[in-house]
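Student: I should like to learn how to read the features of a structure that is new to me. May we go through it together, beginning with the backbone of a loop?

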Amino acid sequence: MKTPTFNSILLLSLMCAVSCIHNDLPYPKLPQNILVIAAAGQSAPARIDSTDYTVKLYLNEETDIQAVRFSEFRYSPDATCDKNLLDGTWDLSVPITVTLTLYQSYQWMISAEQNIERYFTVAGQIGETVIDAVGRRIIVSVPEKANLSKVEVTSIKLGPKDITTLVPAVPEGSFIDLTSPLRIDVNVWGRTEDWTIYAQRTEQAVTTTAVDPWSMVVWAYGEGPADADNYFEYQEQGTSDWIRVPDADITRKEGAFSCCIKHLKPLASYTVRACSGDNKGNEIAVTTQATETLPDGDFENWWLNGKIWCPWAEGGTQFWDTGNTGAATLGESNVQPSDYVPEGLTGKSAELKTEFKGLFGIGKLAAGSIYTGSYKKTDGTNGILDFGRPWTVRPTRLKGYYQYKNGDIDYSSKEMEYLKGRPDTCSIYIAMTDWTTPYEIRTNPNNRQLFDKNASYVIGYGQLERGTSMDSYEEFEIELEYRSTSLIPTYIMITCASSKYGDYFTGSTSSVLYVDQLSLDYDY
């Protein structure tokens, strides 16, 4: 018997080892994202949320939501998609899903939001018409003694203008019989909807329906006869005089009316009532909120952490942050304190520069930005930020000083190349939101998530943009528009940027924005 040699034993051992090897390495987890999506008939850019894998399209009222035609659809370059959205039309009256796959599958939900203006009013009605688009009902309130057999229609629109027909036709100025519910067919996009109009009698001449107290203003809402003298009165508790709200501060729509009561005291108690002629409505007592000062809005406090300028006192409480941590990976801070301040003032301001950060032409454009929140971390050459600071009172405007010097856009991302050569634009905006935690911003195109002023989390918003250079500082005021006076915010978001499209690494290396003395107002 031949004795095995060392080499033959080694070879046999290797063969056994190889036969036992298994590929247990997992596939890499690479989320696949929708990068760009657009449809014909949009009223605003789509909102893409790569955290929840959702897309919200905003459609104008003339667009058939059941036959939406997509004009753009781009996703992560190496992924495959189970649907070709650019082919044909799609019914978005209910959400649709698409699946993007690379190693793993990621299901995205695409939905649409469409606000169709509808109204219906009759002569002498009380309060505002109730229009139930889901139940396809219209309810109007009229005085107890109204003649329901002959009700005059003063305005009507139940679908998109110029493409909607009604059967029977109900032109403005016509009379209808509402002694029983009136059925009416609304025809649009080749489909018919069955609507019903109801009338209900009411004995109450005027009602105070809601009162929303802010810090130095109170919003009040009432209902009364549409053709009467409807107004509001208020008094500070502990006083006997009722003060009538000026007509200039009252808004009237049908039989509903509302007002803004101005120049009130914070943390004070008031009583408000709606009135109609000599009739006084129910009284509602409220207490106004406190006011809050915007921390470090004068930009006097800075400290240098290595080569990163920080806009708060060393060892103090941070309220603002910048993109300096990301910019400093390829150069110096492009947001710094400056001795250049508005005329008549002393101290420091914030200087925000748009600069190219890199070596030998390799790098990225960094727009100078300062915002309420904190810089979280750097993802390669991209930033991840936490936007917003807790805030529960409602300011009416943001004030301050700014000066801007701009140039033509000389750097851009691929998706923004069409902006090259155009004047750069600075941006200052304020938003009140209902976030439960700071909102994560990601600038990486593969999982980008940016702030969306049209998102449902925005309660109030105001902005200033400028695309021309200035010779000196100018004072500014940005008034906030709130989508509801009753909603209470949880976060405040303020951002100043030397290049509007800095999140897309697009702007002019000549652009410089100075901001100083930012503060909040609580009155009108």
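Tutor: Let us begin with F299, which is found in the loop between β23 (279-287) and β24 (303-305). Please keep in mind that this is a predicted model.

Student: What sign does phi have at F299?

Tutor: Phi of F299 is positive, at about 55 degrees, although F299 is not a glycine.

Student: Is F299 buried or exposed?

Tutor: Buried means under 20% relative accessible area. F299 has 1% relative accessibility and therefore counts as buried.

Student: Which residue in the loop between β21 and β22 (269-276) should I examine next?

Tutor: H263 has its place in that loop. Its phi is near 60 degrees, again a positive value in a residue other than glycine. As to its surroundings, exposed means over 50% relative accessible area. The relative accessible area of H263 is 59%, so H263 is exposed.

Student: How many residues lie between the strands in the hairpin of β20 and β21?

Tutor: There are 2 residues between these strands, and in this hairpin E254 takes a positive phi near 55 degrees. Strand β20 (residues 250-253) and strand β21 (residues 256-261) run antiparallel and are joined by 4 bridges. Across the pair, R252 of the hairpin stands opposite F257 in β21.

Student: How should I read a sheet, and in what order do the strands of the open sheet lie here?

Tutor: As a general idea, side chains in a regular strand alternate between the two faces of the sheet. In this structure, 5 strands form an open sheet in the order β9-β10-β15-β14-β12, with mixed pairing. The edge strands are β9 (126-132) and β12 (165-167), each of which pairs on one side only. From one strand to the next, the twist averages 25 degrees.

Student: In which sense do β10 and β15 pair?

Tutor: Strand β10 (residues 137-143) pairs with strand β15 (residues 191-202) in the parallel sense, over 7 bridges. To follow the pairing residue by residue, one may take S141, whose bridge partner in β15 is Q200.

Student: Where does P168 lie, and what kind of peptide bond joins V167 and P168?

Tutor: P168 lies in the loop between β12 and β13 (175-176). The peptide bond that joins V167 and P168 is cis, with omega about 0 degrees. V167 also falls within the residue range of β12 (165-167), an edge strand of the open sheet.

Key:
Residues numbered from 1 in each chain as written. Predicted model: local features only at pLDDT ≥ 70, side-chain atom pairs only at ≥ 80, totals over all residues. Heavy atoms only, no water. Pairing = 2+ DSSP bridges. Axes fitted to C-alpha atoms, helices over the stretch in contact; angles between N-to-C directions. Buried < 20%, exposed > 50% of the residue type's maximum accessible area, 1.4 Å probe, protein only.
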